[in-house]
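This report introduces a structure to a reader who has not met it before. The sequence and the structure are shown first, and a description under short headings follows.

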Protein chains: 2
Amino acid sequence: MPTDATAVPHPIPSLPRGFRLAGVKAGIKHDASREDVTLVTSDLPATAAGVYTTNLVFAAPVAYDRALTPGRGFRGIVINSGNANACTGVRGLDDARGMAAAAGTALGVAGEEVLVLSTGIIGEFLPMEKVTAGIAAAARELGGDDRAVLAAARGMMTTDTRPKLTGAAFEAEGSRYTLFAMAKGAAMIGPKMATMLAVVLTDAALDPADAQRLLTEAADDSFNCVSVDGHMSTNDTVLLLANGAAGGSTLHGSGLAACGEALRKACGSLAREMADDGEGATHVMRIEVEGCRDREEARRIARTIADSPLVKTAVHGADPNWGRIVSAAGYSGVAFEPAAVELRLNGTLLFRGGAPVPFDADAVSAGIRDRRETLIQVSVGQGPGQIRFFSSDLTADYVRLNADYHT
Amino acid sequence: MPTDATAVPHPIPSLPRGFRLAGVKAGIKHDASREDVTLVTSDLPATAAGVYTTNLVFAAPVAYDRALTPGRGFRGIVINSGNANACTGVRGLDDARGMAAAAGTALGVAGEEVLVLSTGIIGEFLPMEKVTAGIAAAARELGGDDRAVLAAARGMMTTDTRPKLTGAAFEAEGSRYTLFAMAKGAAMIGPKMATMLAVVLTDAALDPADAQRLLTEAADDSFNCVSVDGHMSTNDTVLLLANGAAGGSTLHGSGLAACGEALRKACGSLAREMADDGEGATHVMRIEVEGCRDREEARRIARTIADSPLVKTAVHGADPNWGRIVSAAGYSGVAFEPAAVELRLNGTLLFRGGAPVPFDADAVSAGIRDRRETLIQVSVGQGPGQIRFFSSDLTADYVRLNADYHT
């Protein structure tokens, strides 16, 4: 059930049973008219799993959450945008714990039962008075209607132009479960992961180890296959809460597989939306690489193509400059036989056997220009390794947005 | 003797004895008013060395030259711009040999005594009639005056805004030698090497193995420490011709060291000029990394910072957003202790001990805005590994230039 990528999803996906959300304006963002504190709560203690940035320089909330997940007994997630609480040292860790404690107080639970997410500017201390007041206000607004869901999704946005929401339903052993996911991310998006936060909620019951495995696999296929600018964030986090409020026993076997499939679809949909909402983007690049020895080699080639400013600007200019794509594959560090490479752009074969294939450049250019998605397909041999990767083009608007984000 | 980076160098550096150059307009470039064929000849048989792209997808002239160098007995180099002769298969190899043969005929030497360089669009076949006519015309124009040198330098340019020339003199065992170097490169510049061609000429006598070692070391310190967009070209080549026309014996020991030092300075000067002339650049980024376990780790951190679109746009916007720099170091793949990191921007300490250091943001911003060069200094520990790396900022003009280079 992928959401419409060009607007607020309609209808807003349903929340799983036993969850409530809120988003409020706490004045952390420069623009006081925007939500910047989001609270998520589960009426029942939930199993939690997390997948985090692999950046050596990671933010305080990442350190806090990583120590607690996977585990049981979680009652909420508190999120702020406008400030990443990264590169903030010991005081930053205290502030992350302070956010959890404030949310615990507001929800009537222990601080250690609350996970924490932050996103925004790096290297500034959190304005804890505003954050704490925002958390208390959010606790009074918790709900499950569309308004609450949209406010919560907006409360985690930074340069995103729209909230990113998706939902799915699955059945297992006669019970019907709901899965809901929301995310933010439009730049500092580089594998592994992205300057992205995502929260996935389900009313199924999961063992912590199973929840962690399903989430890791889903993130690997989605958030680790998207890049806007190749810059890996200090804050990337995906959290899953599974509260069992739908009833039914803890999932195993085929039930677990159904849950994993729903999770994979939801994360895939959100990852594509991040590329589509990439700062200044006019095109989504869908890069399919196949014929590699393994999946990681395919990922490496796809990522190198995805991150090349020359490929990204060519797509922006609707320029079928396939030499830039082939040469990017060539410096990816993956060994392959150039003569075995085949390259297709929006389905048109452009390069095979080490030499160009004649093609109608005007038609291919028009095809790029007239579609939001540009499909780049690269086959490098006969191996089983393949991947699907999303990126966005590089535009003058990306430069403008990032040349003065801070000041 | 670094050249002025903002204009044609004045005075034009002198040619070493026994070399003549020419550059002519052969109609390979779309703009017929620009030189696009350059010929270099040595009156005496010269030792040649080459350093080449490590891209798996390499152009026909790279394959041709790589098979011949290092070696003795070379009489010339033929260069075309406007067409890279890359991804052109067997026909491309024939065309590279054809260029060498045409130059040999024009110079009255064997084709195998001539090396070949091409730069420009990838994936189109060379217009061999125009190339051959251009070579014949260039042979009639060979000379050593400023006009000939500038025309030759322009004949290898693509999107460069100015010729890149430098010269040096050195003494050894009582003899005085001259070294001259010219290069092109303004984008598709990514380590290792760059979409760059460079030709270095000296009237010293060198053994081929020594020439190769000196050139490899000089390139490693210069062209492999520069990145404009991180995209490694199919055509990167640095060639050295040493013809011994100054007299004196073949260099060894301290004489060789003096030659190596001159070579290193010349290549360093040209590499910095490439970053300075990076497409659309408004700033050169000079990135100094130290305290690593070894030089390759320092290079990896520097390159990751150099290639981050978020760092590059922050510099363009004169934004002291140091969190982007620290986080780029953090995802470079090099292991270090974040708490040991120190970051300085144009000399001002911004980050130490895992936490921000208070600073005057307006003053640091003004310092970036008012200077062409932005100095980024990162220390990650106590190790001996260090490097100096050049890059350019990312601007809307880079995007514009590359969104429609092809069409």
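## Strand β2 of chain B and its partners

The structure described here is a predicted model. In chain B, strand β2 and strand β3 (residues 71-83) pair in the antiparallel sense, over 7 bridges. Within this pairing, B:A48 has B:G71 of β3(B) as its bridge partner. Strand β9 (residues 237-242) of chain B is also joined to β2(B), by 6 bridges, and the two run antiparallel. Here B:A48 appears again, with B:L241 of β9(B) as its bridge partner.

A further neighbour is strand β1 (residues 19-24) of chain B, which runs antiparallel to β2(B) and is joined to it by 6 bridges. One of the residue pairs is B:A22 with B:L39, the latter lying in β2(B). Strand β2 (residues 37-52) of chain B is mostly covered, as 13 of its 16 residues are buried.

## An open sheet in chain B

Chain B also contains an open sheet of 7 strands with mixed pairing, in the order β8-β15-β10-β14-β11-β12-β13. Its edge strands are β8 (226-227) and β13 (355-356) of chain B, each of which pairs on one side only. Inside the sheet, β11 (residues 342-345) and β14 (residues 373-379) of chain B are paired in the antiparallel sense over 4 bridges. In that pairing, B:L343 is matched with B:V378 of β14(B) as its bridge partner.

Two helices of chain B pack on the sheet. Helix α6 (residues 253-276) of chain B touches β8, β10 (284-291) and β15 (383-392) of chain B, and its direction makes about 50 degrees with that of β15(B). Helix α7 (residues 295-307) of chain B touches β8, β10, β14 and β15 of chain B, at about 30 degrees to the direction of β15(B).

## Two domains in chain A

The domain assignment divides chain A into domain 1 (19-276) and domain 2 (284-403). The C-alpha centres of domain 1 and domain 2 of chain A are 32 Å apart. Their contact takes 12 residues from domain 1 of chain A and 13 residues from domain 2 of chain A.

On the domain 1 side of this contact, the elements that give two or more residues are β8 (226-227) and α6 of chain A. The most comes from α6(A), with 4 residues. By class, this side of domain 1 of chain A has 7 nonpolar, 3 polar and 2 charged residues.

## A residue of helix α6 in chain A

A:S254 belongs to helix α6 (residues 253-276) of chain A. The residue counts as exposed because 10 other C-beta atoms lie within 10 Å, and the cut-off for exposed is 12 or fewer. The C-alpha atoms of A:S254 and A:A101 are separated by 38 Å, with their positions 153 residues apart along the chain.

## How the two chains meet

Chain A is superposed on chain B by a rotation of 180 degrees with 0.0 Å of shift along its axis (RMSD 0.0 Å). This is the relation of a two-fold axis. In chain A, the C-alpha nearest the axis belongs to A:A396, at 2.2 Å from it. The same surface serves both copies, since 98% of the contact residues of chain A recur in chain B.

In the contact between the chains, 52 residues of chain A meet 51 residues of chain B. On the chain A side, the elements that give two or more residues are α8 (309-316), α9 (322-330), β13 (355-356) and α11 (396-403) of chain A. The largest share, 7 residues, comes from α9(A). By class, the side of chain A that touches chain B has 26 nonpolar, 22 polar and 4 charged residues.

Conventions: Residues are numbered from 1 along each chain as its sequence is written. Chains are lettered from A and ligands numbered from 1 in the order in which they are written. This is a predicted model: local features need pLDDT of at least 70, side-chain atom pairs count only at pLDDT 80 or more; totals for chains, interfaces and linings use all residues. A residue is buried if 20 or more other C-beta atoms lie within 10 Å of its own, exposed if 12 or fewer, and partly exposed in between; C-beta atoms are placed from the backbone. Copies are superposed by least squares on the C-alpha atoms of residues with pLDDT of at least 70 in both. Two residues are in contact if their C-beta atoms, placed from the backbone, lie within 7 Å. Two strands pair if DSSP finds at least two bridges between them. Axes are lines fitted to C-alpha atoms, for helices over the stretch in contact, and angles run from 0 to 180 degrees between N-to-C directions. Ala, Val, Leu, Ile, Met, Phe, Trp, Tyr, Cys and Pro count as nonpolar, Asp, Glu, Lys and Arg as charged, and the others, Gly among them, as polar. Domain bounds come from an automatic or database domain assignment.
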